[in-house]
Amino acid sequence: MARLASSTRLYRVFPLVLFAFVVATSAQPVASTQWYVVAGGTGSGSSTAPFGRIQDAINAAQPGDEIIVGPGTFTETLQTIRAGAASQPITIRSANGRGTTIVTALGRVLTVAHPYITIDGLVLDGQYGANDLVRLGAAASNFTLRNTEVRRSGNDAIDMNSVQDVLIENSLIHHALNPTGGRTDAHGITGAAVQRLTIRNTEIHTFSGDGVQVDPGRTAPGWNDVTIEGCRIWLAPLTTAENGFPVGSVTGENAVDTKASTSFPRSRITIRDVETYGFKWPTPGNNIAAFNLKENVDATVDRVTVYDSEIAFRLRGPAVVRVQNAVVHNVDVGVRYEDSIQNLRIWNTTFGTGVQTPFVAASASSSGLDVRNLLLLGSSLPAEAQGASNLAMGAAGFVNASAHNYQLAPGSPALNTGVAIAEVSTDRLGVTRPQGSGYDVGAYEQTTGGSGVAPRVPTNLRIIIQ
């Protein structure tokens, strides 16, 4: 009986031991493989016998694998074959960093049709072919584009379907130019009903549409949680003829343009630490704006800079927009508010040199405006900013207005004369408000004993691309 009892206990324990072994072994990460690609390679993807084509490595890669591509030019189109996983993305990266590995084709260069794919350090060149250069399909969620240059597209540089959790960071996106009919939209980045799209520390320039446009088709179920931060978005007259556009052309429209249907919940967008300039066509009166925020959106715009543009902010109902800690100079119009917009807040913002008309109403009443702690370089305030916390003052109140340093000089009339606004707890440099007995008026809060120093880039603006 003793032997039988012992055997019975062993019989009962063995499945538990086996189960624990299976769980323990299955929890171990699957070993990833590094696949190598070099120009002229003829092997099977090892470090000693690399592939010669990137697509061959994509065909072989499994979740967690990394494709390492050597320097050179690869004339091919890339198409994902299978998905990565949340903790094991499939990564394609340049061995020597951006600028050394060029992937080029006429038109489409990269099609992403699967989730959890990362591109790192490549140059993607579309040769001005008549197609989107990078296309994210409906299944391409959790995509990351990092340290990458996307250039010379005949249509959108990056066009994405209704994807989720996309990150574009530390990248350079430029020359998306479509000359059809004289000028047709070709955007730097555009998406449909995207969810949780982040564009960070990226430079976008020279496009014939918008730098970033969200959901032109107003796609169900609507987009949400778009963040653009630490970016530079700009236009300038072309110095050379490009894809049918002559020298001197200013090709694009807006730095950021939103569209959102009232049939879906209000879409949220956050724009912070973004520098924009050059949104002005040679002929006046086109209503070209750096920020064209409209329709059913809830937009927060914090610590941005706008200059050399026709309109800084073109804001159209039923959008809900809050602009704070902004610096605007050398524009025809500071804020154009349209279509009976309500809940428009302009807080702790500075209008500097060359703001010809601070506010323009277009089928809208100023009753929808909340303007507080606005600082304007000039002798008088516009009708929209007659509140007691707003101030017009001369150049002597700034550190160096002629150099567009709009920090406050010692003894400036703007010191401690604003009102407290709970949502504006810091200034454009991250300084806590207030530093003195009250909020300072304008975009800058003077620190105790401060001023007289050169302006620095806002805290989160870390453009690394020139």
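Modeller: Contact here means heavy atoms within 4.5 Å. Keep in mind that this is a predicted model.

Biologist: Which residues does Met160 touch, leaving out residues up to four places away in sequence?

Modeller: Met160 touches Arg135, Leu136, Val166, Ile168 and Ile189. Its list also holds Thr190, Gly191, Ala192, Val194 and Leu197.

Biologist: Where does Met160 sit with respect to the nonpolar cores?

Modeller: Met160 belongs to the largest nonpolar core, which has 92 residues. Met160 is among those with the most contacts inside that core, together with Ile228, Ile271, Phe291, Phe313 and Phe359. A second core, separate from it, has 15 residues, including Leu391, Met393, Leu429 and Val441.

Biologist: What share of the chain is buried?

Modeller: Of the 466 residues, 55% are buried. The chain exposes about 18,500 Å², and carbon and sulfur atoms supply 53% of that area.

Biologist: How many helices and strands should I look for?

Modeller: The chain has 2 helices and 37 strands. In a regular strand, side chains alternate between the two faces of the sheet.

Biologist: Which strands pair with E12, and in what sense?

Modeller: Strand E12, residues 149-153, runs parallel to strand E9, residues 123-125, with 3 bridges joining them. Asp125 stands opposite Arg151 of E12. E12 also pairs in the parallel sense with strand E15, residues 172-176, over 4 bridges. There, Val150 has Ile173 in E15 as its bridge partner.

Biologist: What percentage of the contacts between residues at least 6 apart in sequence join residues at least 24 apart?

Modeller: For this chain the value is 62%.

Methods
Residues numbered from 1 in each chain as written. Predicted model: local features only at pLDDT ≥ 70, side-chain atom pairs only at ≥ 80, totals over all residues. Heavy atoms only, no water. Pairing = 2+ DSSP bridges. Buried < 20%, exposed > 50% of the residue type's maximum accessible area, 1.4 Å probe, protein only. Areas by Shrake-Rupley, 256 points an atom, 1.4 Å probe, with all protein chains shown as cover. Core = buried A, V, L, I, M, F, W, Y, C linked by side-chain atoms within 4.5 Å.
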